[in-house]
Amino acid sequence: MIDVAIMGHGVVGSGVAEILINHNDRISSRVKTPVNVKYILDLRDFDVPYSEKFTKDFNVILNDPDVKVVAEVMGGVNPAYDFVKKCLEKGKSVVTSNKELVAAKGAELIKVAEDNNANFLFEASVGGGIPVLHPITECMCANEIDEIWGILNGTTNYILNKMIVDNMDFDTALKLAQDLGFAEKDPTADIEGHDACRKVCILAALGFGKHVYPNQVKTEGITKITLDDVAYAEKFGCVIKLIGHAKKLKNGKITASVSPTLVSRDCILSGVNGVFNAVMLNGDQTGEVVFYGKGAGKEATASAVVADMMDCIKHLEKGKILSWEDGDNDYVDMSFDPETRLFVLIKSDDFDGLKTQFNEIFGGNNTNVKNAENGEIAFITEKEKLSAIEQKLTLFKNGISVKTLQTML
């Protein structure tokens, strides 16, 4: 028999407990040994059928030699980091869905696990119920991955989808997402892009081999997206998605970002709607591969956590290969100047003057203009260095507002 513990009994933690307890025969049969949930750590009291398993003392779990696998589903960096590290140092394998912890401390905790012949697995930290991390390291291990794109946050994807399909403004769509339980009371981590940023860090680290820290990822959320932006995107045959992106550069460094992006309707990511997520990888042998499904939710995320726990039970005597090296300050090229095309919206009370300046700066024969009236010109630039586009935009004189969005065309 294998004893396991769960740290945290929130949405995901309760889901993990329910799967392990209610479907114990199935779980035990597949790992070929009885699995027993011995402890559940939480400071709160719960009236559930398995109330006798609760403890409020982490040391009970830490000092029990029979507990071989621990699920950390508390969230946040502290005290999760301290608890996870101590468990690994004791030789206990740890599974987590905590993207913030993995993004901040992943390289260190992987090393601690290796040093103590334990496993540190975190499939649920990126795609929730979407299997993506194991396929990267196992199914695609014969490939050199050079680029990763993703719709990595269900909350923002739901909000943008309501703006696109139902013509709902941002504030109304956010309120609806909160009412339906898709967005937290404090939605900052989602709508400002921080959640997607952490997932980009993990994907880039696993795909390219070195740790990427959140402060190395250029991050912009969706709070400035308007219905006008959505309408212009439609005119260009695009939809707006919050896209996480990481790319390996020829100099051995990488670039990483999260930003609202115009995605062509010809791209498969444009059809990822509602709370669904998708990750698209480019391998040198496979070409583009897409992983799609529910990126969050109690059952989906808990399912991924339990699957990792089962994997740890099967590999108690040997480590799983799910690792990367620590990164450094120079690994992510924050000054990389890519060739790109930007969506640009310029406005002025003096429309005649605006048109004159536009023609002088971008040329009067620009075929990418979709609107030139009511004081606004909306267009997509020709492909050139980002710095060159930004330099042209600085040439517009005072009284002219300029808004840009990335494109994936």
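In this predicted model, helix α1 (residues 11-22) packs with helix α13 (residues 298-314), their axes coming within 8 Å and crossing at roughly 60°. That angle makes α1 oblique to α13, and the crossing in which α1 passes α13 is right-handed. On the side of α1, the residues in contact are V11, V12, S14, G15, V16, E18, I19 and L20. Their partners in α13 are K298, E299, T301, A302, S303, V305, V306 and M309. By class, the residues of this contact comprise nine nonpolar, four polar and three charged.

A second helix pair is formed by α5 (99-115) and α11 (194-208), whose axes come within 9 Å and cross at roughly 50°. The two helices are therefore oblique to each other. Here α5 passes α11 in a left-handed crossing, whereas the crossing of α1 with α13 is right-handed. From α5, the residues K99, E100, V102 and A103 take part in the contact. They meet D195, R198, K199, C201 and I202 of α11. Charged residues number five in this contact and nonpolar residues four, with no polar residue present.

Empty space in the model was examined next. The largest pocket has a volume of about 1300 Å³. Its lining consists of 47 residues, and those nearest the pocket centre are V11, V12, K99, E184 and A296. Two or more lining residues come from each of α1, α5, α6 (124-127), α8 (154-166), α10 (188-191), α11 and α13. Among these elements, α13 gives the most, with four residues. The lining divides into 16 nonpolar, 17 polar and 14 charged residues. Three of the residues nearest the centre of this pocket, V11, V12 and K99, also appear in the helix contacts: V11 and V12 of α1 meet α13, and K99 of α5 takes part in the contact with α11.

The second largest pocket holds about 1100 Å³ of space. It is lined by 41 residues, with H245, P338, T340, Q406 and T407 nearest its centre. The elements that each give two or more residues to this lining are the strands β7 (145-151), β8 (218-219), β9 (238-248), β10 (254-264), β13 (339-340) and β18 (400-408), together with the helix α15 (386-393). Strand β10 provides the largest share, seven residues. In terms of class, 16 lining residues are nonpolar, 13 are polar and 12 are charged.

Enclosed space was also found. The structure holds one cavity of 30 Å³ or more, and the volume of the largest cavity is about 30 Å³. The residues that line the largest cavity are I148, W149, G150, L152, V200, L203, G244, H245 and A246. Two or more of the lining residues come from each of β7, α11 and β9. Six residues of the cavity lining are nonpolar and three are polar, while none is charged. Residue H245 belongs to the lining of this cavity and is also one of the residues nearest the centre of the second largest pocket. Strands β7 and β9 likewise give two or more residues to the lining of the cavity and to that of the second largest pocket. Helix α11 contributes two or more residues to the cavity lining and two or more to the lining of the largest pocket.

Methods. Residues numbered from 1 in each chain as written. Predicted model: local features only at pLDDT ≥ 70, side-chain atom pairs only at ≥ 80, totals over all residues. Heavy atoms only, no water. Axes fitted to C-alpha atoms, helices over the stretch in contact; angles between N-to-C directions. Parallel < 35°, antiparallel > 145°, perpendicular 65-115°, else oblique. Left-handed = near helix turned anticlockwise from the far one by under 90°. Contact = heavy atoms within 4.5 Å. Nonpolar A, V, L, I, M, F, W, Y, C, P; charged D, E, K, R; others polar. 1 Å grid on protein atoms, 1.4 Å probe; cavity = no way out; pocket = protein on both sides within 12 Å on 5 of 7 lines; lining within 4 Å. Points joined across faces, edges and corners; volume = space filled by probe spheres on them.
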